[in-house]
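Subject: Structure handover

Hello,

Here is the structure for your work. My notes on it follow below.

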There are 2 protein chains.
Amino acid sequence: MNSQQFREAAHAAIEEIIEYNETLPTRRVLSAVTPGYLAPLLPSSAPTCPEPFSQIQPDISAHIMPGLTHWQHPNFMAFFPATTSYPSMLAELYSAAFTAPAFNWLCSPAVTELETVVLDWVAQMLGLPEEFLSKGEGGGVIQGTASEAIAVCMVAARERVLGRMLDKEGLKDGTEEWEDRKGELRGRLVALGSEQAHSSTQKGAIIAGTRYRSVPAPRQDGFRMTGKNLRDVLERCKREGKVPYYLTVSLGTTSTCAVDEFEEIAEVLKEWPDVWVHVDAAYAGAALVLPEYQHLTKAFVHFDSFDMNMHKWLLTNFDASCLFVRRRHDLTSALSITPSYLRNTFSDSGLVTDYRDWQIPLGRRFRALKIWFVLRSYGIDGLQSYIRNHIELGELFHSLVKGRPDLFSVLTGPAFALTVITVVPKRPQQMRNASKPDPRHEAFTNDFTPDAEKQALLDANAVTKEVYELVNSRGEIFITSGVVDGTYTIRIVSANANTEEKYIRRAFEILVETAEEVLGKGEANGSAS
Amino acid sequence: MNSQQFREAAHAAIEEIIEYNETLPTRRVLSAVTPGYLAPLLPSSAPTCPEPFSQIQPDISAHIMPGLTHWQHPNFMAFFPATTSYPSMLAELYSAAFTAPAFNWLCSPAVTELETVVLDWVAQMLGLPEEFLSKGEGGGVIQGTASEAIAVCMVAARERVLGRMLDKEGLKDGTEEWEDRKGELRGRLVALGSEQAHSSTQKGAIIAGTRYRSVPAPRQDGFRMTGKNLRDVLERCKREGKVPYYLTVSLGTTSTCAVDEFEEIAEVLKEWPDVWVHVDAAYAGAALVLPEYQHLTKAFVHFDSFDMNMHKWLLTNFDASCLFVRRRHDLTSALSITPSYLRNTFSDSGLVTDYRDWQIPLGRRFRALKIWFVLRSYGIDGLQSYIRNHIELGELFHSLVKGRPDLFSVLTGPAFALTVITVVPKRPQQMRNASKPDPRHEAFTNDFTPDAEKQALLDANAVTKEVYELVNSRGEIFITSGVVDGTYTIRIVSANANTEEKYIRRAFEILVETAEEVLGKGEANGSAS
């Protein structure tokens, strides 16, 4: 493809992307394809001869778009959002043009230096303690995802605690005795997260090869981890001879956007200085752009790391997970290995940052560009209005739900534009199938006991699930469900870049109509029986 | 930024990218900025108010481009290449527009299904055994980097061997006893790679929390790992009560593009069925598009995984590391965790692939698009001519070097467009500084002993290093050095997408001129002394 062909192809692609965005509301938000739809539409091997772009492009609309779930669709209210924006796309295009596996400073100084600059901008914008800025001992690094950030911190935490323990025992780094003892001690390590922490903490513990224990965060505590519950688990670990070395605290849990009790937790952990505390603020951390949320960051000065995904709520296309650490040395001392072919004067001088030592992979993309473009294109004011609008839409949705107590009950929220609801069952007899095990929801069925006092919960779970499944199967809006402390819930998030009040009102209408249908059907069945 | 503003901004960005590519040869390949150049040029915090693109774009040429090391420059002959192409950039643009953290099939079926299709195309194109295709028990997945692929395989290998050992001992998964014993056994595990394997194997072992041992691959074996040397290490591990569980074999080592003795290694490992063998073909694996190289894949049927980066030699912008496994169950059984909010009918049915269970992060980008666009835009024929051309340019460079035995000696190659050379010293007296320790090259200085028989080597190392440093400091071409078995070497790679014969000939001229200058200076000094 020569320059002129690229120019023409790019113009055509840009028109298609504009048209895609402008017609989003007319599309089905959740793809309706069935598994295996694509392979029969494509050749079974790569073509022998080159194809012109005029032959490739039509396959985007013909074969790819029908298989997309449109995360930018205004009716996408599932999971947490994954947003993008035109400035972000342009930066990604430049990044692809300047492609480099910029594993050290010399490999492309701008890639490293812009990352340091914009992550300082982000840290300031979120009101993080200045310990997390690059000017002192801390700093930020862009990871691919929040789960990768957790795995990185957990490996660093594991090496940090083992190093301290081995030092105390007076063993010499690298000796056979040191390695043997390290293996023994590693077997005693335990990573912790609350019951409501994202599953990536548990996966991180698998990657790091350590045990994992969860800290209760029950309904009566608002699904928050408290200091007391944490202390109980820490003390149990100690009694059992285990060594807690890592803890995820959440600013916005996945199920309900709960915020753990940071101050209490920091207080408890004064007695446990070897526990690395990581703040997982993957989604809700974006709300820290608002001054009214920044009081939440006060306790972070006691914690080791913080992560927020620009690619969730902040208009930056995937991937842009911003990880900040209080002591960058904790990462580099665990993850740095420098063979001769990666050595150079600049790295060895210690004057430059080599981000390869802050992450699992060696190579890295030029991801700072899109954060830079987004921050400049929107400005802090623009991002504040944007987030505030979503939070207000969440409050609107919540008020609508509260207006129909006959149909819905609010479990949690509105919190960070997320409201978690259940459907209120009308008559016990419509719930006959409630205790029928559903193989798709193991956690759900496990929570069921034939205990009579739980009948009300079973009833609510059954209608909530039925409403949820009907809504998604009809495809006008896409929402997700969850099971929290045995309660089957529907989650509605109003933080999509294209969300507007009319879509939130329509989503509520759909929920009302579907709930009335399900509950009415129950009533009709009830009368017939 | 509205549609019209995006259209205008995108057109401007495209013109800038075209101009960038067309003027590449006139730029300095290696950035000349000094550490910390960027921060003083930018504001110290994000702007409060939005800035238009017309204000942002000029900063690309003013502040970013001077800090880029141009990996696409025809005079970039360092490391291994990182290529891109116009079709790849267009796909990246679509990917940014369709952004989604497509962690399971339902989150965007096209993202998963296109990945399965194009990775089957890649596997066929490279002549991999059909066990690595998705139709059986294997399949491919796109990782960010080859180092990430290694970390993933190592964690899966660790879990696989521990599972087998614990099963044999009759322990029940998940019990306290099982966890305790798992910790004990984990401390005995050893990951292996040859001395010449990429450092990411050693880093992978840190991440996985296991020991690492290297297998000798000395000069007399052509820097290849042989069956015999592997057997020696395996047996030593056994004698010491260690359990080897993972091995990286290389198809194209970083220093010399050596290919390990796959058939011998497979034969030895028949007695070690618990060792996961991963083929790291990050760069040179691309040459398997040529039928004349596909005999190398014959032994892979005995191995567990294979990885090749489309983003190195195959015109796809970073990141696109293609990992293939023989049994996908080995990955998913180690890495799968499914909480309620990630459950859905399709995933639970087992009919679909959820690639989150094949990798460390949860979310993932739509990276298959760019591989699809590249394979179709070039066709297999196009990629074959492209790779063959680079291999021939490598042969040309090698023949030029061989024509000046007075100046250069060839250590290895041409192999996969890489030639590794040393400079031939003229007179012993110019080598006075040879044994002076250089803090930047620990591996280098460690290899030095004051042993007289090594004087010739010291002399050669000193002039080679001087020539290398002069060439790079002058900045017309960018090359890398390496230390192999105590020998300081210069690596020249002719596999850049913009490489042409004239650039290779000019690079040789520069090397000749610089070597003559350095050696002449030595002579002059010699006469003067």
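Starting inside chain A, Glu271(A) and Arg231(A) form a salt bridge whose closest N and O atoms are 3.4 Å apart. I use that term for a side-chain nitrogen of Lys or Arg within 4 Å of a carboxyl oxygen of Asp or Glu. This pair links distant parts of the chain: Glu271(A) lies in the loop between α10 (262–269) and β5 (276–280), and Arg231(A) lies in helix α9 (residues 227–239), 40 residues apart. Helices (H or I, at least four residues) and strands (E, at least two) are DSSP runs, numbered from the N terminus. Over all chains, the whole structure holds 84 salt bridges.

Some conventions before the rest. This is a predicted model, in which local features need pLDDT of at least 70 and side-chain atom pairs count only at pLDDT 80 or more, while totals for chains, interfaces and linings use all residues. Residues are numbered from 1 along each chain as its sequence is written, chains are lettered from A and ligands numbered from 1 in the order in which they are written, and side-chain values use heavy atoms, with hydrogens and water left out.

The two chains

Chain B superposes on chain A after a rotation of 180° with 0.0 Å of shift along the axis, at an RMSD of 0.0 Å (least squares on the C-alpha atoms of residues with pLDDT of at least 70 in both copies). That is the relation of a two-fold axis. Of the interface residues of chain B, 100% are also interface residues in chain A, so the copies meet through the same surface. Each side is counted by contact (heavy atoms within 4.5 Å), which takes 152 residues from chain B and 152 residues from chain A.

Between them the chains bury about 13300 Å², 66% of it on carbon and sulfur atoms; buried area is the accessible area (1.4 Å probe) that two parts lose on being put together, summed over both.

There are 20 salt bridges between chain B and chain A. One of them pairs Asp319(A) with Arg365(B), with the closest N and O atoms 4.0 Å apart. On the side of chain B that touches chain A, helix α1 (residues 3–22) of chain B gives the largest share, 14 residues.

The annotated lysine

UniProt, in an unreviewed entry, places the feature "modified residue: N6-(pyridoxal phosphate)lysine" at Lys312(A); such annotations may be inferred rather than shown by experiment. Lys312(A) sits in helix α11 (residues 310–313) of chain A. Leaving out residues up to four places away in sequence, Lys312(A) touches Phe80(A), Pro81(A), Ala82(A), Thr83(A), Ala282(A) and Tyr283(A).

Backbone points to check

Most residues other than glycine have a negative phi, and most peptide bonds are trans. Gly413(A) and Pro414(A) are joined by a cis peptide bond with omega about 10°, and Pro414(A) is in strand β8 (residues 408–415) of chain A. Ala417(A), which is not a glycine, has a positive phi of about 70° and is in the loop between β8 and β9 (418–423) of chain A. In chain B, the peptide bond from Phe318(B) to Asp319(B) is cis, with omega near 10°. Asp319(B) is in the loop between α11 (310–313) and β7 (321–325) of chain B.

Regards
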